[in-house]
Amino acid sequence: MQIAAAGTGVGALGFDLQPARAELRELKIARTTETRSTCPYCAVSCGVIIHTIGDRAKNVRSTVVHVEGDPDHPISAGTLCPKGASLRNDITHANRLTSPKVRRPGSDHWEDIGWDEAIAGIARHVKDTRERTLVEKNAKGEVVNRTPGMAWIGGCTDTNEFNFLQWKALTSWGVPYRDTQARV
């Protein structure tokens with residue numbers, strides 16, 4: 001519309017396209033549900049608004065139709081980098097993983113597994129690694145109970161409450177190498 005308007009001199013004739021632009025945006029998200037979230041890509045923690053369409057009935061999956069920066073967010077004030085602006089495509093991509101997979105030792109492919117098997121496998125690996133790498137005392141003979149065979153980094157979309165809980169769990173396991181990406 002802008003090119004056509006500029007080419008025909010519409011701007012010079014006094015037409016204002018701002019209401020048309022506002023109407024287009026309003027139609028795009030008129031029936032959506034807004035969900036505020038945090039961009040998952042870096043430690044900046046920009047605010048996003050995710051627009052979904054769906055009747056929110058039980059066993060009905062909503063569809064993401066639009067993602068935009070949150071103008072009320074204190075960090076980003078509505079701006080998003082190219083990665084954050086492409087968030088909708090990552091959410092709706094046909095190749096997005098939605099179930100756990102495992103690549104068995106010696107295998108050349110990934111196979112689908114259930115959530116119970118995935119959680120049990122992770123727990124087994126954590127326990128085995130802790131038992132194998134636990135250091136009970138340092139060189140001075142002081143009790144340290146640390147497990148240098150494990151490290152942890154939390155995601156930038158984690159809340160302070162979740163970070164607090166994971167920090168407590170990792171401390172109880174003796175994990176010395178831990179951080180939370182955005183510390184939000």
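Does C81 count as buried, partly exposed or exposed, and at what relative accessibility? In this predicted model, C81 comes out at 36% relative accessibility, so it counts as partly exposed. C81 takes no part in a disulfide, and the nearest cysteine sulfur, which belongs to C39, sits 5.8 Å away. Looking further afield doesn't turn up a bridge either: a search of the whole structure finds zero disulfides. C46 is another cysteine to look at, and with 16% relative accessibility it counts as buried, since the cut-off for that label is under 20%.

C39 and C46 both turn up again in the largest nonpolar core, a set of seven residues that also takes in V48, I50, V64, V67 and L87. Two strands do some of the supplying here: β2 (47-53) and β3 (63-69) each give this core at least two residues. As a rule, nonpolar side chains in soluble globular proteins tend to be buried together.

On to the helices, starting with α6, which runs over residues 115-133. With 19 residues at 1.5 Å a residue, α6 should span 27 Å, and its end C-alpha atoms are indeed 27 Å apart, so the expected and computed values agree. Buried in α6 are A118, G121, T129 and T133. Seen down the helix axis, these buried residues of α6 fall within an arc of 70°, and therefore they line one face of the helix. The face turned away from that buried side carries D116, I119 and E131, which are exposed. As for what covers the buried residues of α6, the list includes β6 (135-137) and β7 (143-146).

T129 gives a close-up of the buried side of α6. Its relative accessible area is 14%, which is why it counts as buried, the limit being under 20%. Leaving aside residues up to four places away in sequence, T129 touches T147, G149 and M150.

Helix α7 (residues 160-173) can be read in much the same way. Its 14 residues reach 20 Å from the first C-alpha to the last, close to the 20 Å expected at 1.5 Å a residue. N163, Q166 and L170 are the buried residues of α7. They cover an arc of only 70° around the axis, so they end up on the same side of α7. Over on the other side, E161, F164 and L165 are exposed. The packing partners of the buried residues in α7 are β8 (151-154) and β9 (177-180). Right after α7 comes G174, with a positive phi near 85°.

Positive phi also shows up away from glycine. A77 has a phi near 50°, a positive value in a residue other than glycine. This alanine is found in the loop between β3 and α4 (82-85), and A77 counts as exposed because its relative accessible area is 52%, over the 50% cut-off. N145 is another such case, with a positive phi near 45°. The setting of N145 is strand β7, one of the strands that cover the buried residues of α6. At a relative accessible area of 37%, N145 is partly exposed.

Definitions and conventions
Residues numbered from 1 in each chain as written. Predicted model: local features only at pLDDT ≥ 70, side-chain atom pairs only at ≥ 80, totals over all residues. Heavy atoms only, no water. Helix = DSSP H or I, 4+ residues; strand = E, 2+ residues; numbered from the N terminus. Expected span 1.5 Å × (residues − 1). Buried < 20%, exposed > 50% of the residue type's maximum accessible area, 1.4 Å probe, protein only. Arc of directions from axis to C-beta. Contact = heavy atoms within 4.5 Å. Disulfide = S-S within 2.5 Å. Core = buried A, V, L, I, M, F, W, Y, C linked by side-chain atoms within 4.5 Å.
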